[in-house]
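Please load the model in your viewer and keep a selection panel open. The tour below proceeds by selection, beginning with a pocket and ending with a single side chain.

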Amino acid sequence: MSFSPQEFRQNFPQLGQRVNDKPLVYFDNGASTLKHLAAINRSHAYNSFEVSNVHRGAHTLSRLGTENYEGARKVVQNFIGAAFDKEIIFTRGTTESINLVASSLSGLLQAGDEIVLSPFEHHSNIVPWQILCEKLGCKMKVLDFNKDINSLADQLKKVINKKTRLVSFLHYSNSFGHRLPVEKMVEICRDNQIMTLIDGAQALLTEKVNVRSLGCDFYCFSGHKLFAPYGIGVLYARHSMLEKMPPYQSGGSMIDRVTFEKTTYADIPQKFEAGTPNVSGALALASALAAIDEDGVHHYHRHVDRLRQQLLNGLREIPTCELYDFHADDYCGVVSFNMKGAHASDVGTLLDKYGVAVRSGHHCCQPLMDLMGIAGTTRASLAPYNTEAEVDFFIETLKKIEEFF
């Protein structure tokens, strides 16, 4: 099956607009991808004709809504290779998924237990663990910063001990795009009976993820980085873990029986989905994932990797451009750089004048930027609908900006 980025672009109406009287070049996909027509249309259809609360009504619309909502759960299950649909918990996104795990594990951990992180983590995979440690008296450890990414597994072997209960790390860096040796790290943890959580927010458009093959206990991602709307995400959790974990939030839907004296909880996954869920978001996410499956993630990655190499080659032609290499085996579509003598935010602002959308700053990774001795970077992040012509335009625009500085 061949992949045509020009044909694929037709599914994203936002790409047809102009910004500052220039055609939009959207290179901020690491923050959020644009929305696929399949997701847009499914959300519109639900909100136009199908609205009804799920799991709690006997009428036709409620039954249909429940069937579709649970069908969306099965789509996610199949997309990431989970063993059971009950291992899929719908959340608002990666951040809430990690907070769910941290909150629930507070009922299973105790003072003196240790949690280990990589040095490359997003704030959403740091702060919840800090709060947990402060609450329980646990200890948080961070692996040493090293640009040789494959050394992380060897480091992990030395850091873990009998007190280590959880190791949490990202799949691909949102700041620099490099892939961590997730398989080796999970294997080390499983051999030592240590739980693992993987932040997969940047991974699912780069490689076909199978959580059973990975062997992790928790895996999480956001719909808005997968052509789907905001406010919908997924926590995959091994069912044996979910059975042990106490609820994250309480209220409607997550109960079995309530009296003023005692409450018993519903079975998983409902135990972790209190209140009225984001039904339209779940249906739109399922439609976006179906569209991704149809086109093929491996085709996306090949195309994006070609664009990434083209972008790197162009940046190397700019004398003031500083690039960052982490000697990883693979990268997603993220390229971070700085221009000597220019602040990253100024570069981003000037690019916007030409209709180019990028991200500038610390990318919610302030501890990593501190370790690297920089305030932040300009980040261009690519998606399957981007083109070679857009990369060429981006490089030519940067050359103009370099002359300006």
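By class, how many nonpolar, polar and charged residues does the lining of the second largest pocket have? In this predicted model, that lining comprises 8 nonpolar, 6 polar and 3 charged residues.

**Stop 1: the second largest pocket**

Select Phe90, Thr91, Glu96, Ala274 and Pro277, which lie nearest the centre of the second largest pocket among the 17 residues that line it. Strand E4 (88-91) and H4 are the elements that give two or more residues to this lining. The space in the second largest pocket amounts to about 250 Å³.

**Stop 2: the largest pocket**

Next, turn to the largest pocket, which holds about 420 Å³ of space. Its lining consists of 23 residues, and the ones to select are Gly30, Ala31, His122, His224 and Lys225, the closest to the pocket centre. Then colour helix H4 (residues 94-105), which gives the most to the lining of the largest pocket, with 3 residues. Helix H4 thus deserves a selection of its own: in addition to that contribution, H4 is named among the elements that give two or more residues to the lining of the second largest pocket. By class, the lining of the largest pocket has 5 nonpolar, 12 polar and 6 charged residues.

**Stop 3: the whole protein**

Zoom out and switch to a cartoon representation, in which the 14 helices and 17 strands of the protein can be traced. The radius of gyration is 22 Å, close to the 22 Å given by the globule rule for 405 residues, so the protein is as compact as a globular protein of that length. Along the principal axes, the C-alpha atoms fill a box of roughly 70 × 55 × 35 Å. If the display is coloured by accessibility, 57% of the 405 residues count as buried. Of the contacts with a separation of 6 or more, 72% are accounted for by residues 24 or more positions apart.

**Stop 4: His298**

Finally, select His298, which is placed in helix H11 (residues 297-316). With which residue does the side chain of His298 make a polar contact? Display the side chain of His299: the contact is between the two side chains, at 3.1 Å. Then add Leu205 to the selection and draw a C-alpha to C-alpha distance to His298, which is 8.3 Å. In sequence, His298 and Leu205 are 93 residues apart.

Definitions and conventions. Residues are numbered from 1 along each chain as its sequence is written. This is a predicted model: local features need pLDDT of at least 70, side-chain atom pairs count only at pLDDT 80 or more; totals for chains, interfaces and linings use all residues. Side-chain values use heavy atoms; hydrogens and water are left out. Helices (H or I, at least four residues) and strands (E, at least two) are DSSP runs, numbered from the N terminus. A polar contact is a pair of N or O atoms within 3.5 Å; within protein, one must be able to donate a hydrogen and the other to accept it, and residues adjacent in sequence count only if both atoms are side-chain atoms. On a 1 Å grid over the protein atoms alone, a cavity is a set of points where a 1.4 Å probe fits but cannot get out, and a pocket is an open set with protein on both sides within 12 Å along at least five of seven lines; lining residues have an atom within 4 Å of a point. Grid points are joined across faces, edges and corners, and a volume is the space filled by probe spheres set on the points. Ala, Val, Leu, Ile, Met, Phe, Trp, Tyr, Cys and Pro count as nonpolar, Asp, Glu, Lys and Arg as charged, and the others, Gly among them, as polar. The radius of gyration is taken over C-alpha atoms; the globule rule is 2.2 Å times the number of residues to the power 0.38. Buried means under 20% relative accessible area, exposed over 50%, partly exposed in between (1.4 Å probe, protein chains only). Contact means heavy atoms within 4.5 Å.
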